[in-house]
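Reader: I'm new to reading structures and would love a close look at one part of this one. Could you pick out a spot where charged side chains pair up, and walk me through it slowly?

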Amino acid sequence: MQIARFLPEEMVHSRAGKIVLLGLLCLLLQQIPIPYRIDFFGNQDDASLIHLQSGVLLAIAMLDRDRWVLAGTYFVTFLGWTVRQSSDEGGPSITLLWGLAVSTLGYAWTVACARWAGWPRPAETRRVRQADLVRFASAGLLLYPAGMAVLGASIVLLSTPQVALSDLFQ
């Protein structure tokens, strides 16, 4: 990892350092707009790299055996979402509670999908075998995104069906 050369070693290798660095990466991915607008069912939103953030979270679940790193990274992303939600819309408490529930369920779903894919593994057995591909494809490329989409669509509890369908497809 090239960026690691510019950071103190204890930050890159400690639990707290990993949480801060990976959490900041996920926050950055939430905030970076990409230059196209999505229009589903009349609901227009600027696109972001939030999908890439989900992939980063799954990669953390698969590669880091320390579950506190994933939990801490999810917590940092939830805090970032909370700040953004509060500043954008005033953040009604029910929306923040929904966000906490979705974040908690997202963490559990991420861990479950990583386990179904056969990860995390001890360092000596991290070699990917051909037999791993079916499990990874089914858990990581099909189940995981489908579950995250359903969690996102749960916004229907707080908004209109059009917004929920838009979130589901996005």
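Author: Sure, let's start with Asp132. Its relative accessibility is just 3%, so Asp132 counts as buried, given that the cut-off is under 20%. Keep in mind as we go that this is a predicted model.

Now, who does Asp132 pair with? One partner is Arg121: the two side chains meet in a salt bridge, with N to O at 2.7 Å. Asp132 lies in helix α6, which covers residues 132-153, while Arg121 is in the loop between α5 and α6, so this pair ties together parts that are 11 residues apart in sequence. Arg121 is buried, and Asp132 is too.

Asp132 also forms a salt bridge with Arg129, and here the closest N and O atoms are 3.5 Å apart. Is Arg129 buried or partly exposed? With a relative accessible area of 48%, Arg129 is partly exposed, because the range for that label runs from 20% to 50%. Put the pieces together and you get a network of salt bridges linking Arg121, Arg129 and Asp132. As for why such pairs form at all, side chains of opposite charge can pair when their charged atoms come close.

Let's step back along the chain to helix α5, residues 93-116. Its 24 residues should span 34 Å at 1.5 Å a residue, and the end C-alpha atoms are indeed 34 Å apart, so the two values agree. A number of residues in α5 are buried, including Trp98, Val102, Val111 and Cys113. Just after α5 comes Gly118, which takes a positive phi of about 95°.

For another charged pair, look at Asp64 and Lys18. Their side chains meet in a salt bridge at 3.5 Å, N to O. This one links distant parts of the chain: Asp64 sits in the loop between α3 (50-63) and α4 (67-89), Lys18 sits in helix α2, and they are 46 residues apart. Asp64 counts as buried at 13% relative accessibility, whereas Lys18, with a relative accessible area of 27%, is partly exposed.

The helix that carries Lys18 is worth a glance as well. Helix α2 runs over residues 15-31, and its 17 residues reach 24 Å from first C-alpha to last, close to the 24 Å expected at 1.5 Å a residue. Among its buried residues are Ile19, Cys26, Leu27 and Leu29. Overall, the count of salt bridges in the model comes to 4.

Methods
Residues are numbered from 1 along each chain as its sequence is written. This is a predicted model: local features need pLDDT of at least 70, side-chain atom pairs count only at pLDDT 80 or more; totals for chains, interfaces and linings use all residues. Side-chain values use heavy atoms; hydrogens and water are left out. Helices (H or I, at least four residues) and strands (E, at least two) are DSSP runs, numbered from the N terminus. The expected span of a helix is 1.5 Å times one less than its number of residues. Buried means under 20% relative accessible area, exposed over 50%, partly exposed in between (1.4 Å probe, protein chains only).
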